Number of protein chains: 2
Amino acid sequence: MIKILVIDDDCQMLELICDALEQSGYYVEGESNPLLVDSKRCQQYDLLLLDVMMPVEDGFSLCTRIRDSVDCPILFLTAKTEETALIKGFGLGADDYIKKPFSIGELRARVNAHLRREDRQPNHAMTRGGVRFNMHAKEAVVGETAILLTKSEYAISEYLALHAGQVFTKDQLYEAIFGYDAEGEPSAIAEHIKNIRGKLKTVGLNPIETVWGVGYKWQKENAR
Amino acid sequence: MIKILVIDDDCQMLELICDALEQSGYYVEGESNPLLVDSKRCQQYDLLLLDVMMPVEDGFSLCTRIRDSVDCPILFLTAKTEETALIKGFGLGADDYIKKPFSIGELRARVNAHLRREDRQPNHAMTRGGVRFNMHAKEAVVGETAILLTKSEYAISEYLALHAGQVFTKDQLYEAIFGYDAEGEPSAIAEHIKNIRGKLKTVGLNPIETVWGVGYKWQKENAR
DNA sequence: AGTCAATTTTAAGGATTTTATAAGGACGTT
DNA sequence: AACGTCCTTATAAAATCCTTAAAATTGACT
C-alpha cells in the first residue's frame, strides 16, 4: 500500500488533489495545517506533496525542517512561477516543482513517475507466499511485523522463496547455503525448517510444503 | 564523473543545453541523430535528455526502444504542451517532462534533482535514528549535544547511517572506510562499534543493530 | 482396514561459532 | 614525553548450530 501526504492550506484544492490521487489507487492523507507536520510523521509516507504558499508556514520552510530525515520524494505545488523560486525549491532537496494551474492529469502522471522510480531502485526485495524478503537488511517481514530469523533460517527461507515452487532435497539445500565443502548432517536442515515454520506460524503462515520422500518447497501461489 | 547524453536535432539548441550542463560540472555528450542512439550506448550514461519532436525519429519512439534496458533517469524536452503528449511521455517511463521554452536555470535544477536522487547522497546533512550528521564538519549531534566521535568512529557511523537498514559485514565496512588495500584485522571494526555505542548510550540512543552471523546495520525507522 | 517400514517432525543437550568487553601496545601528533 | 587514536589479543558471554534419539506421520502392502 503506497501512502501519500498532501499539505495545502486551501481545503478545496486539498480535496481536489486527494481525490485525484485516490483514483490512481494510492492511500492519500490531506493536511491543511503545516505546523502539524514533523519529520517523524513524514517518514511514514512514500511521497509528499507540498504547497509552497501557506500563511502559517510556507512549503520551503517545511521542506527545510524535514528533508534531512525524509527519504521519499518531495514535490512542490505552487503558483510562484519565477525561476528563482523554482531553483530555490530544488535547492532545498525537492524532487519536482509543479506550477499552478496544473492539470489533474499532469499531477497524476508526475506522482506516478516518482513512485515508479522509487520502485525501480534496487532495494532487492521480493514477496513470496505472504513473506517479504529484504535482501539488503536480511530481514523477513509479514505485513507490518518483522520475523526474527537467524542467519541460516533466513538463508534457507530466501533460497526457497527465490525458487518458489521448486523442490529441493535436504542435501541440495545444505550445499546451496553452506557450500559444497561444508561438513555436517543435512538433517540439520530439518531443524531449521521446523524453526522457520514455528516462527511463521505465529502470523498464520505456512509457506513451506513438504514433498514426501523428496524435500521441501516454498508455495508458489500467493496464498494469504 | 557523471555522464549525460543530450539528443536534439536542433544543433543550436543542443549546444546551448550541453554548455549549460557542462557548467554544472557534468560530462556531457550531444547527439543530433536519434538513429545513432541504441540501448547499449545509453547504458553508459547517468541521465538522458531527449527532445520529443525530431524529424527522423521522435523522442517517444526512441524512449520506447531503450527504456527497458536503461535504468537511468530519462527527461523529455518539448514544445508540445498538450496534456495528452505529457501523459504519453510519462507513460513511456520518462522521469520528467520539461516544456519549452524553459529557462536554463530550471533545466539545470531539474537535472541536478534527478541525479541527486540517484546517488541518494545528501549534500550537507542528514538525520538518521536520532543522530544528525553534519557532513561538512564531520560532526555528529544528538539534540543539542555534540557527540565527540573519532575520525574512524564518525566514518563508520556516517557510512552505516547513509545506508540505513542495510547490513554490512565487518570486512565490507573495513573496505568501505579504509579502502580495499587497507591491511589489518576487520575485528578492529568491532572495537569501534563498541565505542560508538558507548558514546551514544550516554544520550539514550542505540541505533546500531547486530545481525548475528552477518554484521551490523543502522536502524531504519522509515516504515515500508 | 490394518500393519509395517520408511520418512519426517519434534525436542533437548552439548558443541561450535560469533560477538562483547577489556586491557595492552603500536603509531603518529602535538 | 604526553596524549589520543587505532589496532591487536585474550577472555567472557551470548546465540546459533548440529547431533542425537524418540515421537509422529505418511505411504504401501497385505
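A salt bridge here is a side-chain nitrogen of Lys or Arg within 4 Å of a carboxyl oxygen of Asp or Glu. By that rule, nine salt bridges turn up across the interface of chain A and chain B in this predicted model. One of them pairs Arg110(A) with Asp96(B), and the closest N and O atoms there sit 2.6 Å apart. Polar contacts across the interface of chain A and chain B come to 26 residue pairs, with both residues at pLDDT 80 or more. On the chain A side, helix 4 (83-91), strand 5 (96-99) and helix 5 (104-120) each put in at least two residues. Helix 5 of chain A gives the most, with ten residues on the side that touches chain B. Sorted by class, that side of chain A holds ten nonpolar, nine polar and 17 charged residues.

The contact itself draws 36 residues from chain A and 44 residues from chain B. About 3,400 Å² is buried between the two chains, and carbon and sulfur atoms give 40% of that area. Of the area that chain A buries against chain B, 20% is down to Asp68(A), Asp71(A) and Arg117(A), more than any other three residues supply.

As for the layout of chain A, the domain assignment splits it into domain 1 (3-116) and domain 2 (125-222). Taken over C-alpha atoms, the centres of domain 1 and domain 2 of chain A are 41 Å apart.

Turning to the DNA, strand D is surrounded by 22 residues, and the closest are Ser152(A), Glu185(A), Thr150(B), Ser152(B) and Glu185(B). Sugar or phosphate accounts for 81% of the strand D atoms within 4 Å of the protein, and bases make up the rest. Several polar contacts go to phosphate oxygens of this strand. A polar side-chain atom of Thr150(A) comes to 2.6 Å from one phosphate oxygen of strand D, and an N or O atom in the side chain of Tyr174(A) lies 3.3 Å from a phosphate oxygen of strand D. On chain B, Glu185(B) uses a polar backbone atom, 2.5 Å from a phosphate oxygen of strand D. The elements giving two or more residues to the surface near strand D are helix 6 (151-162) and helix 8 (188-201) of chain A, along with helix 6 (151-162) and helix 8 (187-201) of chain B. The largest share, four residues, comes from helix 8 of chain B. By class, the surface near DNA strand D comprises six nonpolar, ten polar and six charged residues.

DNA strand C has 19 residues around it, the closest being Thr210(A), Tyr216(A), Arg197(B), Thr210(B) and Tyr216(B). Of the strand C atoms that come within 4 Å of the protein, 67% belong to sugar and phosphate. Both chains reach the backbone of this strand. Gly213(A) places a backbone N or O atom 3.3 Å from a phosphate oxygen of strand C, while a polar side-chain atom of Lys170(B) lies 2.9 Å from a phosphate oxygen of strand C. A base is contacted too: an N or O atom in the side chain of Lys194(B) is 3.4 Å from a base nitrogen of strand C. Helix 8 of chain A and helix 8 of chain B are the elements that give two or more residues to the surface near strand C. Here the largest share, four residues, comes from helix 8 of chain A. The surface near strand C divides into seven nonpolar, four polar and eight charged residues.

Over all chains, the salt-bridge count comes to 29. Among these is a pair within chain A, Asp8(A) with Lys100(A), whose closest N and O atoms are 3.9 Å apart. This pair ties together distant parts of the chain, 92 residues apart: Asp8(A) is in the loop between strand 1 (3-7) and helix 1 (11-23), and Lys100(A) is in the loop between strand 5 and helix 5.

Some backbone details round out the picture. Most residues other than glycine have a negative phi, and most peptide bonds are trans. The bond from Lys100(A) to Pro101(A), however, is cis, with omega near -5 degrees, and Pro101(A) is found in the loop between strand 5 and helix 5 of chain A. In chain B, the bond from Lys100(B) to Pro101(B) is likewise cis, with omega near -5 degrees, and Pro101(B) falls in the loop between strand 5 (96-99) and helix 5 (104-119). Lys138(A), in the loop between strand 7 (131-134) and strand 8 (139-142) of chain A, has a positive phi, near 50 degrees.

Note on methods
Residues numbered from 1 in each chain as written. Chains lettered and ligands numbered in written order. Predicted model: local features only at pLDDT ≥ 70, side-chain atom pairs only at ≥ 80, totals over all residues. Heavy atoms only, no water. Near = heavy atom within 4 Å. Polar contact = N/O pair within 3.5 Å; in protein donor to acceptor, adjacent residues only side chain to side chain. Nonpolar A, V, L, I, M, F, W, Y, C, P; charged D, E, K, R; others polar. Contact = heavy atoms within 4.5 Å. Buried area = accessible area lost by both parts, 1.4 Å probe. Domains from an automatic or database assignment.
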